[in-house]
Amino acid sequence: MLADQVTGTATGQDPVAVAKPARARPLWLAGALVVLAAAMIAGMLGGAAEISPWQVVVQVADWLPFVSADAGLAPVEQGLLYELRLPRVLLAAVVGGLLAMAGAGYQGVFRNPLADPYLLGAAAGAGLMTTVAVVLLPGSALTIPVAAFAGAVGGVLLAYVLGSTTGRSGGTATLVLAGVAVTSFLSAVQTFVQQLGVEELRRIYAWILGDVGGGWEQVRMVLPYAALAVMVLIVHGRMLDVLAVGDEEAEALGVRAARVRLVVLLAASLATASAVAVSGLIGFVGIVVPHVVRRLAGASYRSVLPLSLIGGAAFLVLADLIARTVIAPAELPIGVVTMFVGAPFFVAVLRMTRGTAT
Amino acid sequence: MIHAVDLSVRLGGREVLHRVGLDMPRGEWLAIIGPNGAGKSTLLKTVLGVVGHHRGEVVIDGRPGRELKPRERARLLAYAPQTPALPPDMTVFDYALLGRTPYISYLGRESRRDREITGGVLARLGLGGFAARKVGELSGGERQRVVLARALAQQAPVLLLDEPTTALDLGHQQQVLELVDRLRTDDGLTVITTLHDLTLAGQYADTLLLLSGGRAVARGAPPEVLTGDLVGKHFDAHVMIEPGPGGRPVVHLVRGGT
């Protein structure tokens with residue numbers, strides 16, 4: 001039978017059988033982690049010239065459990081690092097990682113390189129609920145993070161329900177169109193609500209353009225959701241590779257395509273919603289980081305997902321560093337930086353890797 | 001090996017398959033022929049179990065299709081579609097390795113054995129040197145073999161091929177079908193193909209099933225089905241049919257028909 005013949009040919013010195021596995025190569029992972037560590041140290045330094053990178057490293061080591069080290073920093077400097085810089089860098093890293101990974105997940109599920117984490121109405125939903133919280137219910141229990149989270153989840157669910165009830169057989173095209181419809185509609189409502197309280201326009205826009213200065217409170221708030229979403233997404237790398245051959249063939253390989261898609265969508269949307277809740281609508285990370293990763297390290301989702309997580313984190317930490325140093329003491333909104341710096345960077349990577357990928 | 005009774009499928013309010021049955025012994029090659037829109041692909045997909053709602057029953061290797069879990073079914077039936085979606089950046093090896101999916105748990109990963117089997121299949125199809133190439137860089141004939149490699153990596157006893165020769169030149173058509181024939185005899189595979197080319201169907205298949213308007217209008221050995229009457233009537237074509245090598249008929253199109 002086939003099994004015997006096939007293994008018979010392969011047990012020898014078959015060159016084909018030793019082809020490398022599709023998971024992320026250790027070298028790429030290590031490289032990405034080094035970049036992230038460097039970005040985080042740079043982010044901790046941030047502009048205060050009297051602290052050296054080495055002091056930051058020693059001080060961070062001192063904060064770790066079971067480690068005691070003296071960086072020679074004054075209490076004020078320690079406080080600055082611990083209360084302001086560290087949570088800011090961590091929040092930027094978590095949000096960047098979440099958005100990039102969610103973007104990769106959406107691109108896999110929709111088999112569409114243009115898919116981003118806001119495709120299904122997460123951004124519009126969050127925008128609407130945040131505006132409602134700021135304009136209609138100021139000072140109530142509906143804080144901005146809670147409103148944004150609820151709005152993002154609500155927007156995605158609305159799009160999903162519309163897309164799967166009007167579509168013929170749960171195809172992805174209807175889902176994308178439902179997302180477009182939900183986004184337009186919710187944005188219109190958001191603009192309307194916004195007009196009711198024009199004096200709050202500044203606050204709303206500041207939120208929309210993104211901010212990762214929420215402090216420890218928001219880091220703690222986002223971590224449980226982030227951990228859950230990241231875990232679910234990471235383990236679905238192989239399934240997303242199978243989905244790449246199309247629903248029908250995936251079914252023929254014994255995979256329930258619609259179920260995989262739903263699980264990945266839920267996890268990616270949870271990642272998006274938690275990122276949006278603590279940082280506003282930071283654009284471009286979710287679309288550009290997975291593509292750069294693909295160009296450099298290959299298209300398998302088993303490497304795209306973890307490398308997007310790390311790369312997105314590094315990217316947003318650096319973007320935040322630029323945002324708060326370039327016109328210091330004033331700050332640029334981080335969403336402006338991601339687009340202003342990210343777009344040329346993306347074009348540069350596309351040119352560099354020309355001819356190596358699609 | 002494959003036993004199907006009264007398969008009927010409605011798509012978009014139209015009945016595309018009407019009470020078609022199949023009864024195939026192990027090792028048989030069945031070619032489904034018929035004009036465009038006759039329901040050939042639908043029949044193949046109904047056997048495969050990816051058509052949402054159908055009436056009738058499919059029994060695969062003595063097991064009712066409805067009771068099979070997707071993974072169990074995928075270990076019995078391997079499928080190569082007419083226009084496979086080939087992720088351009090995936091390597092040939094990783095693409096063929098997808099065929100091992102039915103043997104890997106939901107969150108699991110490929111074992112060494114999965115990789116060895118895939119490597120063996122590639123070597124067997126003469127694709128050993130292609131393992132590291134990207135799927136998007138292959139020619140039409142190479143692509144068809146890579147898709148076949150993925151299907152064979154499934155190690156299923158039944159091979160379902162939807163138009164395996166589409167877009168291939170004469171030589172590559174022959175190559176692919178010879179390959180399928182060799183696999184069938186060597187491994188005892190049961191093969192169902194849809195084929196547009198009637199002569200090719202007559203050359204390779206043991207049995208032809210002629211579908212027209214969703215109904216099975218003729219079935220039998222090639223000389224019984226490839227007759228001027230049947231082909232002329234159901235394809236609305238003017239043809240001349242000659243007895244070919246081994247008693248297998250050759251179908252010629254004649255100018256000035258219809």
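**Exercise 1.** Is the crossing of α5(B) and α6(B) left-handed or right-handed?

Before we start: this is a predicted model, in which local features need pLDDT of at least 70, side-chain atom pairs count only at pLDDT 80 or more, and totals for chains, interfaces and linings use all residues. Residues are numbered from 1 along each chain as its sequence is written, while chains are lettered from A and ligands numbered from 1 in the order in which they are written.

*Solution.*
- Step 1: find the helices (DSSP runs of H or I, at least four residues; strands are runs of E, at least two; both are numbered from the N terminus). In chain B, α5 spans residues 140-153 and α6 spans residues 170-187.
- Step 2: their axes (lines fitted to C-alpha atoms over the stretch in contact) make an angle, on a scale from 0 to 180 degrees between N-to-C directions, of about 15°, and lie 10 Å apart. So α5(B) is roughly parallel to α6(B) (angles under 35 degrees).
- Step 3: the crossing is right-handed (the near helix is turned clockwise from the far one by less than a right angle).

**Exercise 2.** Is P25(B) buried or exposed?

*Solution.*
- Step 1: locate P25(B) in the loop between β2 (14-24) and β3 (29-33) of chain B.
- Step 2: count neighbours; P25(B) has 11 other C-beta atoms within 10 Å, so P25(B) is exposed (12 or fewer; buried means 20 or more, partly exposed in between, with C-beta atoms placed from the backbone).

**Exercise 3.** Now try G246(A) in the same way.

*Solution.*
- Step 1: G246(A) sits in the loop between α10 (237-243) and α11 (247-252) of chain A.
- Step 2: because 18 other C-beta atoms lie within 10 Å, G246(A) is partly exposed.

Notes
Parallel < 35°, antiparallel > 145°, perpendicular 65-115°, else oblique.
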